[in-house]
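Colleague: I have a model open and would like to talk it through with you. Can you take my questions as they come?

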Amino acid sequence: MVGPQRPQFVLFGSSIVQISYSNGGWGAILSDIYARKADILLRGYYGWNSRRAIQVLDQVFPKDTTVQPTLVIVYFGGNDSMGPHSSGLGPHVPLPEYIENMRKIATHLKSLSENIRIIFLSCPPVDEARIRENTSAYFSELVRTNELCRQYSEACIELCKEMNLKVVDLWTALQKREDWLTACFTDGIHLAEEGSKIVVEEILKVLKEAEWTPSLHWKSMATEFPEDSPCDLVLADGKTTINPSDWTYHRQIQWD
């Protein structure tokens, strides 16, 4: 552990979480936005479904640790929603079991701290045509459809309403963009930079609108070591320094 201690935001999920630092990913963008404000911790597992996630909850989120996360953003559903394989193997999880697994994840997280905040991300859509084009003969049957994604997305959203959790409807959010099929994915499933930008925008919207005390929106959080210093850059007058602690000019997008 290095200091000073910052709020911890944990990203917990499958490949869309694991590779969220690649290709201008949403995890990397959040880390930039929350620089000097919160530590973004990645717990992403390529190929995982909710069934595997509940098996490691106590290891990823132990109850007896002295520091608990401030915020956990959870994504499972894409692999769960794949059609069942004829062998009985594979990532498919029946919808009723998926709902109960997500309930178990939420219940465990809530038990960690009275102050923990939770956001679920629902299952995003997929580009079925590109998946068919990219499917390798290395794999057996792969059934991924937008209709299955919709069903699992809606189930996640309904569960969040029931449990009073914040949720981002990724299935709807991505499809609001007219060119979502070509712009939002690297392979028809995983998010390209444009898709990740939508994820970040939706997460920030939730954080800004949430009536949480303290607020976890980046503009409301304290910046680490924000004080003025004679070591700061000197202005043209040759006498005054300027504090760069909260500069954001480097960002292509000035996030709200």
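Modeller: What follows is a conversation about this structure, which is a predicted model.

Colleague: Let's start with the cysteines; how many disulfides does the structure hold?

Modeller: The structure holds zero disulfides. For Cys149, the nearest cysteine sulfur is that of Cys123, 3.9 Å away, and because a disulfide requires two cysteine sulfur atoms within 2.5 Å, Cys149 is in no disulfide.

Colleague: Is Cys149 buried or exposed?

Modeller: Cys149 counts as buried, since its relative accessibility is 3%.

Colleague: And Cys160, which cysteine sulfur is nearest to that one?

Modeller: That of Cys156, at 4.3 Å, and Cys160 is likewise in no disulfide. Cys160 has a relative accessible area of 1%, so this residue is buried.

Colleague: Switching to the helices, how does the reach of H10 relate to what is expected?

Modeller: Helix H10 covers residues 193-209, which makes 17 residues, and from its first C-alpha to its last it reaches 24 Å, close to the 24 Å expected at 1.5 Å a residue.

Colleague: Which residues of H10 are buried, and what do they pack against?

Modeller: The buried residues of H10 are Gly195, Ser196, Lys197, Ile198, Val199, Val200, Glu202, Ile203, Leu204, Val206 and Leu207. They pack against three strands and three helices, namely strand E3 (71-75), strand E4 (117-121) and strand E5 (166-168), together with helix H2 (26-33), helix H8 (170-175) and helix H9 (180-183).

Colleague: What about Lys208, buried or exposed?

Modeller: Lys208, which lies in helix H10, is partly exposed, with a relative accessible area of 45%. Leaving aside residues up to four places away in sequence, Lys208 touches His217 and Asp256.

Colleague: How far apart are Lys208 and Arg117?

Modeller: Along the sequence Lys208 and Arg117 are 91 residues apart, while in space their C-alpha atoms are 13 Å apart. Arg117 also appears in the lining of the second largest pocket.

Colleague: Then tell me about that pocket; what is its volume, and which residues line it?

Modeller: The second largest pocket has a volume of about 210 Å³, and its lining consists of Lys110, Ser113, Glu114, Ile116, Arg117, Ile118, Met163, Asn164, Leu165, Lys166 and Trp212. By class, that lining has five nonpolar, two polar and four charged residues.

Colleague: And how many cavities of 30 Å³ or more are there?

Modeller: The structure holds three cavities of 30 Å³ or more. The largest cavity has a volume of about 90 Å³, and of the 14 residues that line it, the closest to its centre are Ile16, Tyr75, Gly78, Arg144 and Ile189. The lining of the largest cavity divides into eight nonpolar, five polar and one charged.

Colleague: Which residues line the second largest cavity?

Modeller: The second largest cavity, with a volume of about 60 Å³, is lined by Ile16, Ile19, Ser20, Ser22, Asn23, Gly25, Trp26, His190, Leu191 and Ser196. Its lining divides into four nonpolar, six polar and no charged residues. Ser196 is also one of the buried residues of H10.

Colleague: Where is Ser20, and what does it touch?

Modeller: Ser20 is found in the loop between helix H1 (15-18) and H2, and at a relative accessible area of 1% this serine is buried. Not counting residues up to four places away in sequence, Ser20 touches Leu11, Gly25, Trp26, Gly27, Ala28 and Leu42.

Colleague: I'd like to check the backbone too; what is phi of Asn23?

Modeller: Phi of Asn23 is near 55°, a positive value in a residue other than glycine, and Asn23 has its place in the loop between H1 and H2. Phe225 has a positive phi too, near 50°; Phe225 sits in the loop between H10 and E6 and is exposed, with a relative accessible area of 52%.

Colleague: Last topic, then: which peptide bonds should I look at for cis geometry?

Modeller: The peptide bond from Gly3 to Pro4 is cis, with omega near -10°, and Pro4 is placed in the segment before strand E1 (8-13). The peptide bond from Thr213 to Pro214 is cis as well, with omega near 0°, and Pro214 is found in the loop between H10 and strand E6 (233-234).

Terms used:
Residues numbered from 1 in each chain as written. Predicted model: local features only at pLDDT ≥ 70, side-chain atom pairs only at ≥ 80, totals over all residues. Heavy atoms only, no water. Buried < 20%, exposed > 50% of the residue type's maximum accessible area, 1.4 Å probe, protein only. Helix = DSSP H or I, 4+ residues; strand = E, 2+ residues; numbered from the N terminus. Expected span 1.5 Å × (residues − 1). Contact = heavy atoms within 4.5 Å. 1 Å grid on protein atoms, 1.4 Å probe; cavity = no way out; pocket = protein on both sides within 12 Å on 5 of 7 lines; lining within 4 Å. Points joined across faces, edges and corners; volume = space filled by probe spheres on them. Nonpolar A, V, L, I, M, F, W, Y, C, P; charged D, E, K, R; others polar.
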